[in-house]
Amino acid sequence: MVPQAGRRQVGWWRDASREQRRTVRFAAVSAVAGLALATGAVTAAGPWDGGQRKAERDLAAAPARHGGARHADGERAPGAAPAVLAPLPKAGKRSADGLAEALEPLLKDSALGSGQAAAVVDATTGERLYGVGQSDAYTPASTIKLATAAAALSAVGPERRIETTVVAAGGDGVVLVGGGDPTLTATGLGDLADATARALKARGTGGKVKLAYDVSRYSGPVLHTIGLNDNIAPVSPLMVNEGRLDDSDRGPADRTAEPAADAARKFAALLREKGVEVDGDPGEGRAEEKAARLASVASPPVSALVERMLTNSDNDIAEALARQTALASGKPASFEGAAQAVTERLAALGLPMPAVHIADGSGLDRADRASAEFLALLLARAAEPGRPALRPVLTGLPVAGFSGTLRDRYPRDAAGRALVRAKTGTLTGVNTLAGTVVTPDGRLLAFAFLASGTTDADAAQKALDRAASALAGAAPPGT
């Protein structure tokens, strides 16, 4: 069965003027709702601020971004919109009984299929406020990307960048070495070719070269269990534009079966344009351990990769981040090694693991399992002032009615619009939603809703959105 996730959305770094208008409206709505920033939380946030602060900052300000070396152009000063974390003065508490009264009728909606689980946690105190089937194992679909994000940020750090390099090989050879950056674009590859041509000229070897490409950073099968699919490319440490065969940068698209070889052929063509003669077609090779580096380009920081992955539910970035977690943990960068590394990092965060099974980084594998309690507590961990490195788990969440996979799910003037921030999950028969809301009394709540056996994805999504809106204390959409 082909997953239904990943409808193509308008880019969060494109059409800046329109996005600015939307973000201004978001700031106004948030202000009315009481989303005032706690200065202490921002001061403690530390390195996560190198990320996009999506929806609050770069959603409004950033122009089109390019792969490779130009990613750094997107790092901008904070804007005026309120921050995603808002531990506010409390005007009173919404009781657990009140939450149950609001949620239970909504979670019994027949659109939510044959099985439902829910958990709600006070993100500032960790207090469990509501749960039904909260410890049971469910297929989480793309909400498992929250786990991938937390593990990668813990293992690799939010400021780390992934490099694609070119090194010398013998007298007239060069090797293009994939480091695992799926966001490398043709522009970034062109920058790399330009820098390589200059380096070869400086070394006096710019006439004719033999080109090889190195994909040894990853191991194991390259195909996801769903096979070659428009939701994910073969998992390779060397690819351009996620192996897409069109000009899209998110959502489903036809993919190449040979992302590394295609990237190497494009690189060879770019070298030729720079006046470097490439001898024949590039072949797979291995860079020597101490080979001289000729040139490199870098990805955005991991914080930004996490945010882009969560906002757009990007499967290729998810699998790349899972493998970066494996590499940082001393494990093979394979599906199996990444799953082990992610699991260990999550356990180290003190999260409840009995119902959790990690099979991949993206949630496309139906063998993934998670509980609602696990997902809600993970989000609460990301809100803790003492864990600033995890903050992109929250700042990357799509904003209802404004960004990513929630952009079109909350129509204008719908309840919960801009108040709900959540990661979506959709497979055939599975619909999930996990995120945060701020209540009228100023509480930041983390929640997770999991449904299985659904038969109408659109109806199930609307039911989940009604439940999330009810948490925010608003009249649910459609009522």
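Select strand E11, residues 444-452, where eight of the nine residues are buried. Buried means under 20% relative accessible area, exposed means over 50%, and partly exposed lies in between, with a 1.4 Å probe and protein chains only. Strands (E, at least two residues) and helices (H or I, at least four residues) are DSSP runs, numbered from the N terminus. The model is predicted: local features need pLDDT of at least 70 and side-chain atom pairs count only at pLDDT 80 or more, while totals for chains, interfaces and linings use all residues. Residues are numbered from 1 along each chain as its sequence is written, and side-chain values use heavy atoms, with hydrogens and water left out.

**The partners of E11**

Add strand E1, residues 115-122, which pairs with E11 in the antiparallel sense over eight bridges. Two strands pair if DSSP finds at least two bridges between them. To see the register, select Ala117, which stands opposite Leu450 in E11.

Next add strand E10, residues 430-438, which runs antiparallel to E11 and is joined to it by nine bridges. Here Asn431 stands opposite Ala451 in E11. Follow the chain from E10 to E11: the two form a hairpin with five residues between them. In the turn, pick Gly442, which has a positive phi of about 90°.

**Two rings in E11**

How many aromatic pairs does a search of the whole structure find? The search finds one. Show the side chains of Phe447 and Phe449: the ring centres are 5.0 Å apart and the planes are at 35°, so the pair is tilted. Rings of Phe, Tyr and Trp (its six-membered ring) pair if their centres lie within 6.5 Å; planes under 30 degrees apart count as stacked, over 60 as edge-to-face and the rest as tilted. Phe447 and Phe449 are both buried.

**Helix H4**

Select helix H4, residues 96-107, and colour its buried residues: Leu99, Ala100, Leu103, Leu106 and Leu107. They cover an arc of only 145° around the axis, so they are on the same side of H4. The arc is that of the directions from the helix axis to the C-beta atoms. On the other side of H4, look for Asp97, Glu101 and Pro105, which are exposed. What do the buried residues of H4 pack against? They pack against E1, strand E2 (128-132), E11 and H13.

**Leu464 in helix H13**

Move to helix H13, residues 457-471, and pick Leu464. Leu464 is buried, with a relative accessible area of 1%. Leaving aside neighbours within four places in sequence, Leu464 is in contact (heavy atoms within 4.5 Å) with Leu112, Arg409, Asn431, Thr432, Leu433 and Phe449. Now pick Leu107 as well: Leu464 and Leu107 are 357 residues apart in sequence and 7.8 Å apart in space, C-alpha to C-alpha.

**Elsewhere in the chain**

Select Thr196 in helix H6, residues 186-203. Thr196 is buried, with a relative accessible area of 0%. Leaving aside neighbours within four places in sequence, Thr196 is in contact with Val166, Phe267, Leu271 and Ala295.

Then show Arg417, whose charged end sits over the ring of Phe402, 4.7 Å from its centre. A charge sits over a ring if NZ of Lys or CZ of Arg is within 6 Å of the ring centre and within 35 degrees of the ring normal. Arg323 lies over the face of Tyr218, at 5.7 Å from the ring centre.

Last, show the whole protein, which has 13 helices and 11 strands. Buried residues make up 61% of its 479 residues.
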